[in-house]
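Let us walk through this protein from its overall frame down to single side chains. Keep the viewer open as you read.

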Amino acid sequence: MARAAFADSGADLQLIGVRKEFPGFTAIDDLDLTIPAGSFFALLGPSGCGKTTTLRLVAGLESATAGSILIGGKDVTREKAHQRPVNTVFQSYALFPHMTVLENVAFGLRRRGIGDPVAKAHEALKLVELDHVSSRKPAQLSGGQQQRVALARAVVNRPALLLLDEPLGALDLKLRRQMQLELKTIQGEVGLTFLHVTHDQEEAMTMADTVAVMNKGRIEQLGAPEELYELPRTAFVATFLGQSNLFAGEIVSAGDDVVAIDVAGRRIAVPTSRTRRRSGRVVLGVRPEKLLLHTTAPDYDSTVNSIGPGRVLDVSFSGVSTSYLVAVPGFGTVTVFAQNMVFGPVVTVGAEVWLSWRVEHGFGLDDDPADLPQLALDSDSEASLDEQRHRAVLAATDAEL
């Protein structure tokens, strides 16, 4: 029975026109994707977007309905899982409970007939800093240690491609952040190609060189984490990868440097390089942490956009920052993240405030405003403060989910 051979380094992965249909629906729709050799690549998206199906197709655990899968230039579309130079680390560690840590890591090497499996297993355990527990059973380890053993067991086989299926999902927050840094370090040391599937935005941005945001079986946007966060192209990316305040307006002028947009009678400027629409209606956005709160109307400055006055509906302390929900007529409920530089909130619920942000921090989306009916909803200034606050908190919670 043919088995995948060792790899000296990572291999590139190509998906060409890959389609996966299940009875009644299409999970992956004509997907084209290239992942360079030796990179740390993340597939990010909500449940049901197709990211795990994509990983299973690459691993050989599912068969593609159409298209081709190439690893290192070789077409593996029709090959079985054990014939592909691929290993997978799952969220469930799947360690053999009756074996020691060392025996678990060496298991795959022995099955493949690789020489000196014990020495290679020790090397892999040293890589994840667990060689000192090599004689223990999995039940004697913490969850984080078990995950690192699972990683060592996968890496020791030197796969050309290592697949990570939400491997940190079962860990607590502190340990998950520690493992994020360790995974990134290990990937750099071993030089393998990592394909990481996750729904955790912070996890993807922390570890990956390149992130692809998936939605409904297609890649919505692909690029470096900073690029996707600072310059999202669609409302889905803008609101799934972090939070965004989105407004719809009519473009009134488009120059070489700045596009001017009328939003509820207020002129809002966006750099021309940060929006692809030059006429008609457009959706523009700004991240909550880019906004500043003012208790008086700010002076005019051509490099700054300002809106208001608005009323503070909610104030939520979250440690490093405080979140403010502000109802601004014509703009709906706007979210502001302010770093906690002083003790206590800057303003309280019910306060009248103005908001501003630098022109270069705004962005224009490719979406047609008509396709985003929620942008037409405006805060009801006639409703009581409690009613507005209740609606805003519910909307903010939905956006985070």
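The text below goes from overall counts to strands, cores, polar contacts and rings.

This is a predicted model, in which local features need pLDDT of at least 70, side-chain atom pairs count only at pLDDT 80 or more, and totals for chains, interfaces and linings use all residues. Residues are numbered from 1 along each chain as its sequence is written, and side-chain values use heavy atoms, with hydrogens and water left out.

Start with the whole chain. The C-alpha trace spans about 75 × 50 × 40 Å along its principal axes. The secondary structure comes to nine helices and 20 strands. Helices (H or I, at least four residues) and strands (E, at least two) are DSSP runs, numbered from the N terminus. Of the 401 residues, 48% count as buried; that term means under 20% relative accessible area, while exposed means over 50% and partly exposed lies in between (1.4 Å probe, protein chains only). Contacts are heavy atoms within 4.5 Å. Among contacts with a separation of 6 or more, 68% come from residues 24 or more positions apart.

Now find strand E3, residues 40–44. Five of its five residues are buried, so the strand is largely enclosed by the rest of the structure. Phe40, Ala42 and Leu44 point one way, and Phe41 and Leu43 point the other way. E3 has parallel pairings with two strands described here. Strands pair if DSSP finds at least two bridges between them. With strand E8 (residues 193–198), E3 shares five bridges in the parallel sense. Leu43 has Val197 as its bridge partner there. With strand E9 (residues 210–215), E3 shares four bridges, again parallel. Phe41 stands opposite Thr210 in E9.

A second sheet lies elsewhere in the sequence. Five strands form an open, antiparallel sheet in the order E13-E12-E11-E14-E20. Strands E13 (266–271) and E20 (363–364) stand at the edges with a single partner strand each, so one side of each is left without a neighbour in the sheet. Inside that order, six bridges join E11 (residues 245–254) to E14 (residues 281–286). One bridge partner pair is Asn245 and Val286.

Next, the cores. A nonpolar core is a set of buried Ala, Val, Leu, Ile, Met, Phe, Trp, Tyr and Cys residues joined through side-chain atoms within 4.5 Å. The largest has 45 residues, and those with the most contacts inside it include Val105, Leu125 and Phe194. Helix H4 (residues 143–155) gives the most to this core, with six residues. The core draws at least three residues from each of domain 1 (13–226) and domain 2 (231–378); these bounds come from an automatic or database domain assignment. Apart from this core lies another, of 28 residues, among them Ile35, Val58, Val86 and Leu195.

Move to Asp29, in strand E2 (residues 25–35). Which side chains make polar contacts with the side chain of Asp29? Arg19 does so at 2.5 Å, and Arg218 at 2.8 Å. A polar contact is a pair of N or O atoms within 3.5 Å; within protein, one must be able to donate a hydrogen and the other to accept it, and residues adjacent in sequence count only if both atoms are side-chain atoms.

Finish with the rings. The whole structure holds six aromatic pairs. Rings of Phe, Tyr and Trp (its six-membered ring) pair if their centres lie within 6.5 Å; planes under 30 degrees apart count as stacked, over 60 as edge-to-face and the rest as tilted. Phe22 and Phe25 have ring centres 5.5 Å apart and planes at 25°, so they are stacked. Ring pairs also link Phe247, Phe331 and Trp357 into a cluster.
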